[in-house]
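Please open the structure in a viewer and keep the sequence panel visible. The tour below proceeds selection by selection, with a note on what is to be found at each stop.

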Amino acid sequence: MAKLILILVTAIVCLAQEHATPGDAHAAANGEPAHKTEETAEPIVWGLDLTVWKWINFGILMAGVGYLFAKQGVPFFQERAAGILKDISDAQKTKTEADARAAELESRIANLGDEIARMQADAQAEMQNEAKRMEAETAQSLAKVQASAEQEIASATKQAKAELSAHAAALAIDLAAGRIRSGLNEGQSRGLVSAFIQDLEKVKN
Amino acid sequence: MSLAVASRYSRALAEVVFAPQCPTKPEQVIADLDAVVAAMQASPELVRILRSPAVSLNAKRGLLEKLSARLGGSPVTTNLLKVVCDHGRITLLKEIRQSFQSVVDERHGVARAEVTTAQPMATEQKIQLEAALSRLSGKSILATYQQDDALIGGAVAKVGSLIYDGSVRGQLATLRRKLVNG
C-alpha cells in the first residue's frame, strides 16, 4: 500500500510540472516575474519546439513510473495474484470436501432403513441380555435373603432356647432353694457347715 | 492408683513403726488412724479445709497437730498426717489405714478372714474352721463372723483375695450354670 502511495505521489509531482508555461520558464531564466510575460502574450521561440520538451518530459516521467512499477508494483501484484490463486484453491478444496460429505450423507440416508433395522435388532438383543442378567441377579438376591433369614431364624431359635433354659433353670433353682430353706433345720445347717470345714481340710494348699 | 499410693505410705509407716527404737505399737497407730478417719468422716468441713489450696500448709499442719493431740494420737501418727497433708494425699487416709493394717498383719503372720454363715456357728466349728483356714493360708487366722440368710445353709470364708464358698446358695448357683450351659 505504501508503495502505491509513493507511486501516486510521484505521478502527481510529475503532472504538476505540466502546468508551468513557456513564459514561466523564460521569465525564470531572465530573472523576471512570470505575470509580466503573460501581459505581453507573445510566443517566444527558443530552440526546439515545446512539444518535443513535453514528450521528453513525458518520456522521463513514464520511465520513472515504469521503473517504480517494475520495482514495487510487480511484486505486489504477483503476491496478490498468488493469494487469490491460493484462495481459489482453498475454495475448491472446501467445495470438494463438502461434496464428499454430501455424498456420504446421501449414501447414509439411502441406507437408513437397514440402519434402523440393525439398531432395533441390537436393542432387542441388549434387552434380552439385560433381562437375563436381572433374572440372575434377582435369583442371587433371593438366595442371599433366604440364607440370611434362615441364619436369623436359627440364631433366634438358639437364643430363645437359651433364654428358656435359663428361665427354667432359674425357676428350678428358686424352687429348690425354697424347698431347702423350708426343710432345713438347725442340725442340718450345722451339718452343712461341718461338711464345708471338712472340705476345706481336704483342700491342699 | 490410689491403692498403690496408699501402699507406699503404709509401707513407709511400717518401716518407722517396726523400727526397734520406735515406742509406738502398730496397733496404737491403727487406732489413731481410725480415730482421725472417723473425725474426717464426721466433719466434711475439716476435709474441705485440709484440701483447700487457699489454706497454707502451716495452718493445715497446725490443725492436724491439734486434732491428733485432742484424739490422743501418737507422735508417729501426727507426723504421718503432716506428711500426707504436705503431699496433698489427706483424702487417702482411709486407704493408707487399710493398707497399713495389711502390712502389719503380714509382718505378724496374720491373715484376716471374713466368715459368713446362714446360722450362727458353734464355737467348736469356729475353731475347726480357723484351723483349716490357717493350714491353707499358712498364717494364723483372725476371723470375723457375720450372718446372711441369703446363703440358705453352709458358709463362705474370704481370706485376702481368696473366697471359699461352701454355701447352699453357691452350690445352687453352680447347678444353675450347669443347667443353663447344658
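## A salt bridge in chain B

Begin by selecting B:Arg112, which counts as partly exposed at 38% relative accessibility. The model is a predicted one, and the values quoted on this tour are computed from it. Add B:Asp105 to the selection: its side chain meets that of B:Arg112 in a salt bridge, with 2.4 Å from N to O. B:Asp105 counts as buried, since its relative accessibility is 9% and the cut-off for burial is under 20%. The pair therefore joins a buried acidic residue to a partly exposed arginine.

## The two chains as a whole

Zoom out and colour by chain. Chain A contains 6 helices and 0 strands, and its elements run α-α-α-α-α-α from the N terminus on. Of its 205 residues, 9% count as buried.

Chain B has 8 helices and 4 strands. Read along the sequence, chain B follows the pattern α-α-α-α-α-α-β-α-β-β-β-α. In chain B, 41% of the 182 residues are buried. Among the contacts in chain B between residues at least 6 apart in sequence, 65% join residues at least 24 apart.

## Further salt bridges

Side chains of opposite charge can pair when their charged atoms come close. Over all chains, the count by this rule comes to 14 salt bridges.

Select B:Glu45 and B:Arg48, whose side chains meet in a salt bridge at 2.3 Å, N to O. Because these two residues are 3 apart in helix H3 (residues 44-51) of chain B, about one helical turn separates them. B:Glu45 is partly exposed, with a relative accessible area of 42%, whereas B:Arg48 is exposed, at 52%.

Move next to chain A and select A:Arg133 with A:Glu130. They form a salt bridge in which the closest N and O atoms are 2.6 Å apart. Here too the spacing follows the helix: A:Arg133 and A:Glu130 are 3 residues apart in helix H5 (residues 112-183) of chain A, and so lie about one helical turn from each other. A:Arg133 counts as partly exposed at 41% relative accessibility, and A:Glu130 is partly exposed at 36%.

Then select A:Glu115, A:Arg118 and A:Asp122, which are linked in a network of salt bridges.

## The hairpin of chain B

Return to chain B and select residues 155-159 and 162-165, which are strands E3 and E4. The two strands pair in the antiparallel sense over 4 bridges. Within this pairing, B:Ala157 stands opposite B:Tyr164 of E4(B). E3(B) and E4(B) form a hairpin with 2 residues between them. Select B:Gly160 in the turn, where phi is positive, at about 60°.

## The interface between the chains

Now select the residues of each chain that contact the other. How many residues of chain B are in contact with chain A? There are 26, and they meet 23 residues of chain A. Chain B and chain A bury about 2,100 Å² between them, of which 70% is on carbon and sulfur atoms. Highlight B:Gln125, B:Arg135 and B:Ile152: in chain B these lose the most area to chain A, together 24% of what that side buries.

Display the secondary structure over this selection. The elements giving two or more residues to the side of chain B that touches chain A are helix H7 (123-137), E3, E4 and helix H8 (168-181) of chain B. H7(B) supplies the largest share, 7 residues. By class, this side of chain B has 16 nonpolar, 6 polar and 4 charged residues.

Across the interface of chain B and chain A the rule finds 0 salt bridges. It does find 7 residue pairs in polar contact, with both residues at pLDDT 80 or more.

## A buried glycine

Finish by selecting B:Gly153, in the loop between strand E2 (140-147) and E3 of chain B. Is B:Gly153 buried or exposed? B:Gly153 is buried, because its relative accessible area is 0%.

Show what surrounds this glycine, leaving out residues up to four places away in sequence. B:Gly153 touches A:Leu184 and A:Leu192 from chain A, together with B:Ala118, B:Gly166, B:Ser167 and B:Val168 from chain B. Of these contacts, draw the C-alpha to C-alpha distance to B:Ala118: the two residues are 35 apart in sequence and 5.2 Å apart in space.

Key
Residues numbered from 1 in each chain as written. Chains lettered and ligands numbered in written order. Heavy atoms only, no water. Pairing = 2+ DSSP bridges. Contact = heavy atoms within 4.5 Å. Buried area = accessible area lost by both parts, 1.4 Å probe. Salt bridge = Lys/Arg side-chain N within 4 Å of Asp/Glu carboxyl O. Polar contact = N/O pair within 3.5 Å; in protein donor to acceptor, adjacent residues only side chain to side chain. Nonpolar A, V, L, I, M, F, W, Y, C, P; charged D, E, K, R; others polar. Buried < 20%, exposed > 50% of the residue type's maximum accessible area, 1.4 Å probe, protein only.
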